[in-house]
Amino acid sequence: MKILVTVAEVATVDDEFEIDGTEIADQYLNADLNEWDDYAIEEAVQLQEGGVADEVVTVTIGPEESEQTIRQALAKGADRAIRVWDESLEGVDLLDVRAKTEILKAVVAEEEPDLILSGVQTGDDSWMATGVSLAESLDFQWSAVVNDLDHDLEDGTASVRRELEGGVEELSEVDLPAVLTIQTGINEPRYASLRGIRQAQRKPLDAKTLDDIGVDAGVVDGSLELTDMYEPESESDATVWEGSAEETAGELAEMLREKGVTA
Amino acid sequence: MDFELTDEQKQLREEVRRFAENEIAPIAEEYDVEEKYPHEIIDKAADMGLLGPHIPIEYGGAGYGSLEVAMIVEELFAVDAGIGLSIISTSFGCESIMHFGTDEQKERFLEPVAAGEAITGAAISEPDTGSDVSSVSTQAEKDGDEWVINGNKMWITNGSIGDFFVVLCETNPDAEGRYNGFSQIVVESDRDGFEADKITGKLGIRASDTAELIFDDVRVPEENLIGTQDAAFMQQMQFFDETRTAVAAQGVGIAKGALRASLEYAQDREQFGRPISDFQAIQHKIADMATEAEAARNLTYKAAWKVDQGEDITKLASMAKEFASRIAVDAANEAVQIHGGAGYVNDFPVERFYRDAKITQIYEGTTEIQKNVIARELLGKGAF
């Protein structure tokens, strides 16, 4: 069985930052592996270690600078990586779900995975749509916000547990090939081991252009436009106490009393 | 000349930093206060393959060189020296086995260390033997096919929790020349007659285990001898470049941690209606800390790089060790000063950095010994 994991490099923001037009200014931004994808990678690697999967391949839409993030996935145990980038993607502010879907769909056509794992969302743009959109376009089965996956995958079926609103959970069976969007907490992502980091440098990482995968450059022209970015006014402040319940309960009681809350 | 790190080195540094911040930072204070060995973190570090990073790949390690080890040490010590030392010291003494051990010894001793199943120690210092290593009095006598060991070792890292120790023993008291007649012998801590007495009340690095070892007619098989009989001093000397560079990296790490904490605090803390980082007195302290840390890092990386090229760098290693340990003490001192009263209690890590930094000027050759070495190399004089 082959597993394809979509891996995104996301922008992370410092605690203090400034917005410049429709972007957060560069000096407040760092790049990191998307948190949800970290869980997806871990799930795939566990399936491989358990002898269920034969190969774990990652796919990323990103520039050459994102290779350090991709190597993290390889260091954690993925076998090889594909990175799609193209001149036509360079100036794009907002790569919409449709464009991502078309690009990933072309990679899926080449790789023919049995299972695709995708993070529920990216930590920066937070569309929460790419995985499901990809499944629809491939006519694959899908399940979103998966927080448990049975590692048997027998008879071409994945048994999953997914999170619904209001603390309700649902169990379902999904026929393979399928796309599962992975929720945080499904496992405990490992640190890349030192040996893994060494090996990762020698694992294949193929850079492909849109032309290489047969996607027309016109796909990047989205129908969405980013018009503004701002920090919402906070209506109230939150107070957070650090320490044990014994230490902080008194402080909470004191504050409630001050605010006029009485038993 | 190329100062750029490889992608692999950057990734290594980043992952170790992540480990240190997520796993060590939240519990560092507790282990410092309670002076207890961080077994749970050692287990996590083992999962990450962080133990014995310089052990060759064929024996289960990562086969990293001095430069990568320096980076690992720096990131760990930037968060906590006590737990950092606990992690990097699980393979103390293994250098001798790596370089002078037989294949059988390497398999027997290195593999469990790389796997996190065994913790080692190097037993050199004695109650009356510190900087003057040639005065070692622990005796090993041959009796049939065994060595019989008697004596005491002092300040031994991992002493009360280690599984085996590479012990510097006198094996030929009649040897000519003060550096001859010593041997390195592995002693397992479960041998009859072995006893360890944990040393408590240390100023710093309190999570790290330190003990006095007592050998009372401890018998080990003759195949526990590492390398050549009576030649241990020359064997031991080979690693000074490596181990002193690693202590230099500890200093760089502590300075980095002190700087990081100070930067954060100075921007948060407000006095006279603005963050104290607006005041030039604070700015100059921070500028000095950053400059010195960068200078120490470059000296340390250069020393580490040269060790990896196989060069003999006695003077450079001593310079890096002496300078980095000095600026670590200075940086921790300034960090406490910037924190003011808040730096005098352990609500912030700088109080711990201040206590931890001092050891880097003492172990692995004191500041004074390093300066002797540097001067001797410059002046071309013989041993001090």
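Colleague: In which handedness does α9(B) pass α10(B)?

Modeller: In this predicted model, α9(B) passes α10(B) in a left-handed crossing. The general idea is that two packed helices are described by the angle between their axes and the distance between the axes. Here helix α9 (residues 240–268) of chain B and helix α10 (residues 280–308) of chain B pack at an angle of about 155°, and their axes are 9 Å apart.

Colleague: Are α9(B) and α10(B) roughly parallel or roughly antiparallel to each other?

Modeller: Angles over 145 degrees count as roughly antiparallel. α9(B) and α10(B) are therefore roughly antiparallel to each other.

Colleague: At what angle do α1(B) and α3(B) pack?

Modeller: The angle between α1(B) and helix α3 (residues 39–47) of chain B is about 150°, and the axes lie 11 Å apart. That makes α1(B) roughly antiparallel to α3(B). In this pair, α1(B) passes α3(B) in a right-handed crossing.

Colleague: Which residues of α1(B) and α3(B) meet?

Modeller: From α1(B), B:Phe19, B:Glu23 and B:Ile24 meet B:Ile41, B:Lys44 and B:Ala45 of α3(B).

Colleague: Let us turn to single residues. Is B:Gln9 buried or exposed?

Modeller: Buried means under 20% relative accessible area. B:Gln9 has a relative accessible area of 9%, so this residue is buried. Its place is in helix α1 (residues 7–24) of chain B.

Colleague: What does the side chain of B:Gln9 reach, and with which residues is B:Gln9 in contact, leaving aside neighbours within four places in sequence?

Modeller: The side chain of B:Gln9 reaches the backbone nitrogen of B:Thr6 at 2.9 Å. Once neighbours within four places in sequence are left aside, B:Gln9 is in contact with B:Leu67, B:Glu68 and B:Met71.

Colleague: Where is B:Glu195 found, and what does its relative accessibility count as?

Modeller: B:Glu195 is found in strand β6 (residues 194–198) of chain B. The partly exposed class lies between the 20% and 50% cut-offs. B:Glu195 has 46% relative accessibility and therefore counts as partly exposed. Leaving aside neighbours within four places in sequence, B:Glu195 is in contact with B:Glu212, B:Leu213 and B:Ile214. As for separation, B:Glu195 and B:Val218 are 23 residues apart in sequence, and 9.7 Å apart in space from C-alpha to C-alpha.

Colleague: How should B:Gly227 be read, and what does B:Gly227 touch?

Modeller: B:Gly227 is found in the loop between β8 (225–226) and α8 (232–237) of chain B. With a relative accessible area of 29%, B:Gly227 is partly exposed. Not counting residues up to four places away in sequence, B:Gly227 touches B:Phe100 and B:Gln235. B:Ser86 is 141 residues from B:Gly227 along the chain, and their C-alpha atoms are separated by 27 Å.

Colleague: Which domain annotations does UniProt list for chain B?

Modeller: The following come from an unreviewed UniProt entry. "Acyl-CoA dehydrogenase/oxidase N-terminal" covers residues 6–117 of chain B; that span is 67% helix and 0% strand. "Acyl-CoA oxidase/dehydrogenase middle" is listed for residues 122–218 of chain B, where the chain is 0% helix and 48% strand. "Acyl-CoA dehydrogenase/oxidase C-terminal" is placed at residues 235–379 of chain B, a span with 74% helix and 3% strand.

Colleague: What does the UniProt annotation for chain A cover?

Modeller: In an unreviewed entry, UniProt gives "Electron transfer flavoprotein alpha/beta-subunit N-terminal" for residues 21–217 of chain A. That span is 30% helix and 28% strand, and its end C-alpha atoms lie 27 Å apart.

Methods:
Residues are numbered from 1 along each chain as its sequence is written. Chains are lettered from A and ligands numbered from 1 in the order in which they are written. This is a predicted model: local features need pLDDT of at least 70, side-chain atom pairs count only at pLDDT 80 or more; totals for chains, interfaces and linings use all residues. Side-chain values use heavy atoms; hydrogens and water are left out. Helices (H or I, at least four residues) and strands (E, at least two) are DSSP runs, numbered from the N terminus. Buried means under 20% relative accessible area, exposed over 50%, partly exposed in between (1.4 Å probe, protein chains only). A polar contact is a pair of N or O atoms within 3.5 Å; within protein, one must be able to donate a hydrogen and the other to accept it, and residues adjacent in sequence count only if both atoms are side-chain atoms. Contact means heavy atoms within 4.5 Å. UniProt positions are given in the numbering used here, feature names are shortened, and annotations may be inferred rather than shown by experiment. Axes are lines fitted to C-alpha atoms, for helices over the stretch in contact, and angles run from 0 to 180 degrees between N-to-C directions. Angles under 35 degrees count as roughly parallel, over 145 as roughly antiparallel, 65 to 115 as roughly perpendicular and the rest as oblique. A crossing is left-handed if the near helix is turned anticlockwise from the far one by less than a right angle, and right-handed if clockwise.
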